[in-house]
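Colleague: Could you take me on a close look at a single part of this model, and then connect it to the rest of the chain? I'd be glad of the cut-offs along the way.

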Amino acid sequence: MLDVLTIGRVGVDIYPLQIATPLAEVETFGKFLGGSATNVAVAAARYGLRAGVITRTGADAFADYVHRALQDFGVDDSQVRPVDGLPTPVTFCEIFPPDHFPIWFYRTPTAPDLQIHPDELDLAAIVAARVFWVTGTGLCQQPSRDAHLTALAARAGRAHTVLDLDYRPMFWPDPAAATAAYAAALPRVTVAVGNLDEAEVAVGTRDPERAARLLLDRGPRLAVVKLGPDGVLASTAERTVRVPPVPVEVVNGLGAGDAFGGALCLGLLRDWPLERTLRFANAAGAIVASRLACSSAMPDQAETEALAARAEPAPATEGNR
């Protein structure tokens, strides 16, 4: 039994080693394990959790790299398999701190991780996982959409079943298609996580408290709305908690959400109070935002708790629904 099992995107991040340089002018790059679902599993493993990922690669040298990197991070790769005829995806970005990180995904017209079929799933492992984490990207194409919904149906509302909205517009024909896919998945999960852009696609509003309420109305027991430089808000049926951000000098913000996700998994499994979980997850995201890479930048528990403790002790705000 795994503590955290994720399903979804994997790839190789080819990130520039030159900051504030247009991609056409970059001359040197670093290679890193990437993909949101994969990064969350890596982040969870950094906290000593038993983590694994369900995904697909090509049958190529980058797939060999993916397996080696997962094993080095302590992530179970037994459900990572090749798909003939498709390359392992690569991703490029530009790095213009503090808030401009354009990104290019080389995964069209489809990617191996979107070719997961329902009959390939180890449903026993999915049901047994203490946290099962799915991302919205996995809903954007078939057969992956049916595989994700099959996995969620097998979970049957078990805690903790998490949907990371993970809206990437380039993967969808239009926002309405994503809205419909989220509507099918939300009643089958216990936790929904997303930023304001993603919440707007899912439930039609950018107001954080209203977005959280609407997410809860669709079935989850916990809704987490990430507010970027304004911190994070989370709601249950009984209460809403909002905590401030952790200030850092941003280098690359692309992995911060995945770091937040891995830390959220730890808080859920440790049954921490909601405010502690949010402060811890904010600190994890801040650490990764202050570094170049995503997967290899994930902090351990001691480092994350140290930053959370050093952060400005601004009070959380709390209210009843």
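**The close look**

Modeller: Happily! Arg 270 sits in helix H8, which covers residues 256-270; helices are DSSP runs of H or I with at least four residues, strands are runs of E with at least two, and both are numbered from the N terminus. Please keep in mind that this is a predicted model, in which local features need pLDDT of at least 70, side-chain atom pairs count only at pLDDT 80 or more, and totals for chains, interfaces and linings use all residues. Residues are numbered from 1 along each chain as its sequence is written, and side-chain values use heavy atoms, leaving out hydrogens and water.

With a relative accessible area of 39%, Arg 270 is partly exposed; buried means under 20%, exposed over 50% and partly exposed in between, with a 1.4 Å probe and protein chains only. From Arg 270 to Pro 82 it is 34 Å in space, C-alpha to C-alpha, and 188 residues in sequence.

Now to some aromatic residues. Trp 272 and Phe 280 have ring centres 5.1 Å apart and planes at 80 degrees, so they make an edge-to-face pair. Rings of Phe, Tyr and Trp (its six-membered ring) pair if their centres lie within 6.5 Å, and planes under 30 degrees apart count as stacked, over 60 as edge-to-face and the rest as tilted. Both partners are covered: Trp 272 counts as buried at 13% relative accessibility, and Phe 280 counts as buried at 2%. In total the structure holds 7 aromatic pairs, and Phe 29, Phe 92 and Tyr 106 form one aromatic cluster.

Beside Phe 29 in sequence comes Thr 28, in the loop between strand S2 (11-16) and strand S3 (29-34). Thr 28 is partly exposed, at 39% relative accessibility. Leaving aside neighbours within four places in sequence, Thr 28 is in contact (heavy atoms within 4.5 Å) with Tyr 15, Pro 16, Leu 17 and Gln 18. Between the C-alpha atoms of Thr 28 and Pro 247 there are 29 Å, with these positions 219 residues apart along the chain.

Another threonine, Thr 38, lies in helix H1 (residues 36-46) and is buried, with a relative accessible area of 0%. Not counting residues up to four places away in sequence, Thr 38 touches Thr 6, Arg 9, Val 10, Leu 33, Val 53 and Leu 70.

Helix H7 (residues 208-217) is worth a stop too. Its buried residues include Pro 208, Ala 211, Ala 212, Leu 214, Leu 215 and Leu 216. The buried residues of H7 pack against strand S11 (191-195), helix H6 (196-203), strand S12 (222-226) and strand S13 (232-235). Just after H7, Gly 219 takes a positive phi of about 135 degrees.

The backbone has some points to check around helix H4 (144-155). Pro 143, in the loop between strand S9 (131-135) and H4, is joined to Gln 142 by a cis peptide bond with omega of about 5 degrees. In the loop between H4 and strand S10 (161-164) you will find His 160, and a cis peptide bond with omega of about 5 degrees joins Ala 159 to His 160. Ala 156 is also in the loop between H4 and S10; although not a glycine, Ala 156 has a positive phi of about 55 degrees. Ala 156 is exposed, with a relative accessible area of 59%. Asp 166 lies in the loop between S10 and helix H5 (175-185) and has a positive phi of about 45 degrees, although it is not a glycine. Asp 166, however, is buried, with a relative accessible area of 3%.

Stepping back to the whole protein, the secondary structure comes to 10 helices and 15 strands. The radius of gyration is 18 Å, close to the 20 Å that the globule rule gives for 321 residues, so the protein is as compact as a globular protein of that length. That radius is taken over C-alpha atoms, and the rule is 2.2 Å times the number of residues to the power 0.38. Along its principal axes the C-alpha trace spans about 55 × 45 × 40 Å. Buried residues make up 55% of the 321 residues. Among contacts between residues at least 6 apart in sequence, 71% join residues at least 24 apart.
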